[in-house]
Number of protein chains: 2
Amino acid sequence: MAKAAVLGYGVVGSGTVELFYKNAEAIRKRTGQKDLDIKYILDIREFPDSPYKDKFTKNFDDILNDDEVSIVAEVMGGVHPAYDFVKAALEKGKSCVTSNKEMVAQKGAELLKIAKEHNCNFMFEASTGGAIPIIRPLHQCLAANDITAVAGILNGTTNFILTKMFSENMAFDDALALAQKLGYAEKNPAADVEGLDACRKICILSSLIYGKHVYPDYIHTEGITAITKADVEYAEVWGGKVKLIGSVKKCANGKILPMVRPAFVCNDMQLSNISDVFNGITVYGDGFDEVMFYGRGAGKLPTASAVLGDVIDCARLSGTSVSQTWEDSENADFIEDYKNDTVAMYVRTSGADKAQIEKLFGNVEYLVKDNAPEGEIAFITPELVEKDFDEKLSALNGEVLGKIRVLNLR
Amino acid sequence: MAKAAVLGYGVVGSGTVELFYKNAEAIRKRTGQKDLDIKYILDIREFPDSPYKDKFTKNFDDILNDDEVSIVAEVMGGVHPAYDFVKAALEKGKSCVTSNKEMVAQKGAELLKIAKEHNCNFMFEASTGGAIPIIRPLHQCLAANDITAVAGILNGTTNFILTKMFSENMAFDDALALAQKLGYAEKNPAADVEGLDACRKICILSSLIYGKHVYPDYIHTEGITAITKADVEYAEVWGGKVKLIGSVKKCANGKILPMVRPAFVCNDMQLSNISDVFNGITVYGDGFDEVMFYGRGAGKLPTASAVLGDVIDCARLSGTSVSQTWEDSENADFIEDYKNDTVAMYVRTSGADKAQIEKLFGNVEYLVKDNAPEGEIAFITPELVEKDFDEKLSALNGEVLGKIRVLNLR
């Protein structure tokens, strides 16, 4: 009776089918549904040599109109036609799970509402943090808490690049080329290196903790393309690393501040220990204080693991609707302007003057490294409102070569 | 209609009540049950000044016989009468949640069976890892995987002691005294320092991944009382730390090997970064590869956070029985003898002879530290079956001052 369909037979889709059949016996035992099976795989391509060739269809209506199919796993990516398929399936009361962060970031509120209206579930553990359990822990295990902040390394490609820049002293372009060679980065790496992928994940986490849909264009997003070897070296001198951090925190005025940007992360924070393609997500709340989740944020089987975890839950919970919901939002009036936030800043300058730096910023911490070019001065400012920082910085004589925020979530 | 009772108003019980009322509005919204409330608190003591004084009862039957109470949170600790109360409540179809690792380790299989028979839930997220989500991720998010190993720092007290020995060069006794002074260790610290607390948690995790109840006496358990400053220093020379590790792994012969013991953990492993009273749990599986969970493993509000996460789930899932089950076990025939496991060993000796060491163990790695006493030799053996190691070690001339296994989970 519990039959599933997998939409898309790319990397994640084929991994989902592979992992399901590898552990099918145990999965059926865990769900208590002895006949749980994948009945259809939707793909426009032909797979004549696949052991699952009898399951393929090119017509979504085969799935939509088959009442035996109660669970749909969408792993195609992109908003259309993924959204159209998921919406149609939910409207028929079929529970849907997805790894598609773009779709959830754009259409999450609407799809959650449709699921509730049709007494089925819409789940997306795989959309954020890959194999790492984060959506369900936020929604269930930590649900008694007021979640005050979430901060994570949410993109493996950029973390790989920054790790290589740190540990092997590679330049950004060389590290990116290596990531591309190893298959970690796309030929067009913009979605990763410009922070868009992390932004979509922060949309999802922000919506979850605030209960209101946070769209990608509400979020100030900076990528890592401006980060240089010198910046990474100064971070080491300071006692930390440069990481691309997606975060959201609740502000005293009741708004939330989601943001994606490279940040100086001090070695005392668990996030500084997340290397290579791994992801890590730290959550802060009033009861539990701090928890951190670490694991593979992407890849065929890790993502499949999360997709199937949701499939198993949908099978177990068939006939009930327990997935989280959040309201849609009309505008960004509940989002704090990041320029109002208080931050300490790392600044790298050339031709500046220490007396003026101290006059502008007060008690700065100078960072000194070997082989710095003549006239280069790097420092960390005390904490100040970012707007004020901008004003002071524009008054500084000399050239600003780089600036990076110091991560502070409390 | 959804009313809860809290059994025990000690540290965790009072935290549970406090956190519930702090976030009651949000909790009620998340469960969709507007009237979710704590109706009773069971304690034999008087709390005349408590804001909740009207909720107290000394008679468990008040709770048992009140049909409005559908959720019971047991946070008393100890097997009796906690077990008797939980059993009686489950038999009445009331879902129960607990932070009581001793009870789950002794009675888990039986209580899970009773819950299934009475269409209610028995949950124990708080019993292992405190605030850290681990039971639910294993049972849900990672449920599509074959879990091959779990290893964790599961006891905050011993981790605090070992951290102080490492970072402040304290002796074991001094670090223990400090832990007692700060309230991290009991006056009688045996349950912590001898590994019994970690053992109970590994019982629970082992039962969960194997599907069969693992009782405490099935598990080889060693504590940290024999660890010296010298051992911790040699671990640093080697490139790691000494940690009390509770672990379970699946063996090639189909058995499992649960164990609790101090281990050399190399700095490349995430577990080596878990300091002070924090806990960390690493899980290995075929699809997701590796995930790690980090957070506060004990304490008033962190434990309350986990208790209430389960209470919320019980409220949401009222009328269904979705909590995990595992079979009871008659004997330990599915537990591998740890002496058959393959390990590398750290050995500290006095008056031994390098030629004989190399003849016995082959290509050992010598560890050299400043200020080592005359005649002390420390080394790491190649990997070998522990039985064979014992035989070789007994043939060694000179005194064995210490030996610690090197952690290896693959």
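Colleague: Is helix α12 of chain B mostly covered or mostly uncovered, and how many of its residues are buried?

Modeller: In this predicted model, α12(B) is mostly covered, with 15 of its 17 residues buried. The helix runs over residues 300-316 of chain B and reaches 24 Å from its first C-alpha to its last, close to the 24 Å expected at 1.5 Å a residue.

Colleague: What turn lays chain A on chain B?

Modeller: A turn of 180° with a shift of 0.0 Å along the axis lays chain A on chain B, and the RMSD is then 0.0 Å. The two copies are therefore related as by a two-fold rotation axis. In chain A, the C-alpha nearest that axis belongs to A:Phe293, at 2.4 Å from it. The same surface serves both copies, since 98% of the contact residues of chain A recur in chain B.

Colleague: How should I read the size of the contact, and what area is buried between chain A and chain B?

Modeller: The size of an interface is often given as the accessible area lost when the parts come together. Here the area buried between chain A and chain B is about 3900 Å², of which carbon and sulfur atoms give 52%. The contact draws 46 residues from chain A and 45 residues from chain B. On the side of chain A, the residues A:Cys141, A:Ala144 and A:Tyr294 supply 16% of the area that this chain buries against chain B, more than any other three residues.

Colleague: How many salt bridges are counted between chain A and chain B?

Modeller: The count is 4 salt bridges. As for salt bridges in the model, the side chains of A:Lys22 and B:Asp286 meet in one, at 2.6 Å from N to O.

Colleague: Which residues have the most contacts inside the largest nonpolar core?

Modeller: That core has 179 residues, and those with the most contacts inside it are A:Phe122, A:Phe264 and A:Val283, together with B:Phe122, B:Phe264 and B:Val283. Leaving aside residues up to four places away in sequence, A:Val283 touches, among others, A:Ile134, A:Leu138, A:Leu142, A:Phe288 and A:Phe293. Apart from this core lies another, of 66 residues, including A:Val17, A:Leu19, B:Val17 and B:Met123.

Colleague: Is A:Ile202 buried or exposed?

Modeller: A residue counts as buried when its relative accessible area is under 20%, and A:Ile202, at 0%, is buried. A:Ile202 has its place in helix α10 (residues 196-210) of chain A. Among the residues that A:Ile202 touches, not counting those up to four places away in sequence, are A:Leu154, A:Ile219, A:Val248, A:Pro258 and A:Met259.

Colleague: Which backbone angles deserve a careful look?

Modeller: Most residues other than glycine have a negative phi, and most peptide bonds are trans. In chain A, however, a cis peptide bond joins A:His80 and A:Pro81, with omega about 5°, and A:Pro81 is found in the loop between β4 (69-74) and α4 (82-91). In chain B, the bond from B:His80 to B:Pro81 is cis, with omega near 5°.

Colleague: Where does B:Asn119 lie, and what is its phi?

Modeller: B:Asn119 is placed in the loop between α5 (101-117) and β6 (122-123) of chain B, and its phi is near 50°, a positive value in a residue other than glycine. B:Asn119 counts as partly exposed, because its relative accessibility is 43%. B:Asn169, in the loop between α7 (156-167) and α8 (172-181) of chain B, has a positive phi of about 55° although it is not a glycine; B:Asn169 is partly exposed, with a relative accessible area of 40%.

How values were computed. Residues are numbered from 1 along each chain as its sequence is written. Chains are lettered from A and ligands numbered from 1 in the order in which they are written. This is a predicted model: local features need pLDDT of at least 70, side-chain atom pairs count only at pLDDT 80 or more; totals for chains, interfaces and linings use all residues. Side-chain values use heavy atoms; hydrogens and water are left out. Helices (H or I, at least four residues) and strands (E, at least two) are DSSP runs, numbered from the N terminus. The expected span of a helix is 1.5 Å times one less than its number of residues. Buried means under 20% relative accessible area, exposed over 50%, partly exposed in between (1.4 Å probe, protein chains only). Copies are superposed by least squares on the C-alpha atoms of residues with pLDDT of at least 70 in both. Contact means heavy atoms within 4.5 Å. A nonpolar core is a set of buried Ala, Val, Leu, Ile, Met, Phe, Trp, Tyr and Cys residues joined through side-chain atoms within 4.5 Å. Buried area is the accessible area (1.4 Å probe) that two parts lose on being put together, summed over both.
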